[in-house]
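This report looks at how a protein meets a strand of DNA, and then at the surroundings of one arginine.

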Amino acid sequence: MREMGEIVKAKVFQTTDTVGLARWLIGKHLVRERAPGEREARMITEVEAYHSESDLACHARAGRTKRTDVLYAAGGVWYVYLCYGIHELLNIVAGPEGEPAAILIRGVEGISGPGRVTKRLAIGRDLNRAAATAESGLWIEDRGVIVPENEISATPRIGVDYAGPVWSQKPWRFVVKPR
DNA sequence: TACTCGATCGGA
DNA sequence: CCGATCGAGTAA
């Protein structure tokens, strides 16, 4: 019985190709270990890429601030923030140090919606800036799943109309088509 | 210090 | 369609 996959290393997240990385994350597994032995792994089914200060949908559009500082870290750490005062949304920071980028985990197998993913897996802001490794209890594994190209849609990102037509329409959301 | 507005969700 | 709920960002 093969339970374990290969933990995706920080280096992988440090590419400058945030959109390509987001696409690549589809089919990988988000693994949560809340306590020793209590492990839950779910395949990632929906993501969105946010890249650079010029991307008006990205939180880094306002530059480096207390909240966005983590986006400038080298890829491979988590960015968890409070949205609408209610929901905590999970991102994996991407790119080399100094280049702000992140990928929002919008959905995993069996759970749709970024606010629900964090609620169901008990992910909160305490994980902000934590590394995506076994130590933090939250990481990403490659378990060898191949999602066929024709089963993945690229669409505009959700809920970012404020960014204007140019940025809100970029097809930087990747989602596994429903069965 | 005051004010605005969200990378959402559930209920009417 | 609307209200919840709160902190970051901005202006003053």
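## Surface near DNA strand B

Of the 19 residues around DNA strand B, those that come nearest are His59, His87, Asn91, Arg116 and Tyr162, where a residue is near a strand if one of its heavy atoms lies within 4 Å of it. Sugar and phosphate make up 54% of the atoms of DNA strand B that come within 4 Å of the protein. This is a predicted model, in which local features need pLDDT of at least 70 and side-chain atom pairs count only at pLDDT 80 or more, whereas totals for chains, interfaces and linings use all residues. Residues are numbered from 1 along each chain as its sequence is written, chains are lettered from A and ligands numbered from 1 in the order in which they are written, and side-chain values use heavy atoms, with hydrogens and water left out.

At least two residues of this surface come from each of β5 (87–93), β6 (101–108) and α3 (114–120); helices (H or I, at least four residues) and strands (E, at least two) are DSSP runs, numbered from the N terminus.

## Polar atom pairs with the DNA

A polar side-chain atom of His87 lies 2.7 Å from a base oxygen of DNA strand B, and one of Tyr81 lies 3.2 Å from a base nitrogen of that strand. For Gly115, a backbone N or O atom lies 3.0 Å from a phosphate oxygen of DNA strand B.

## Surroundings of Arg42

Arg42 sits in strand β3 (residues 38–51) and counts as buried because its relative accessibility is 18%, the limit for buried being under 20% relative accessible area (1.4 Å probe, protein chains only). Beyond residues up to four places away in sequence, Arg42 touches several others, among them Lys28, Glu109 and Arg120, contact meaning heavy atoms within 4.5 Å.

Methods. Polar contact = N/O pair within 3.5 Å; in protein donor to acceptor, adjacent residues only side chain to side chain. Buried < 20%, exposed > 50% of the residue type's maximum accessible area, 1.4 Å probe, protein only.
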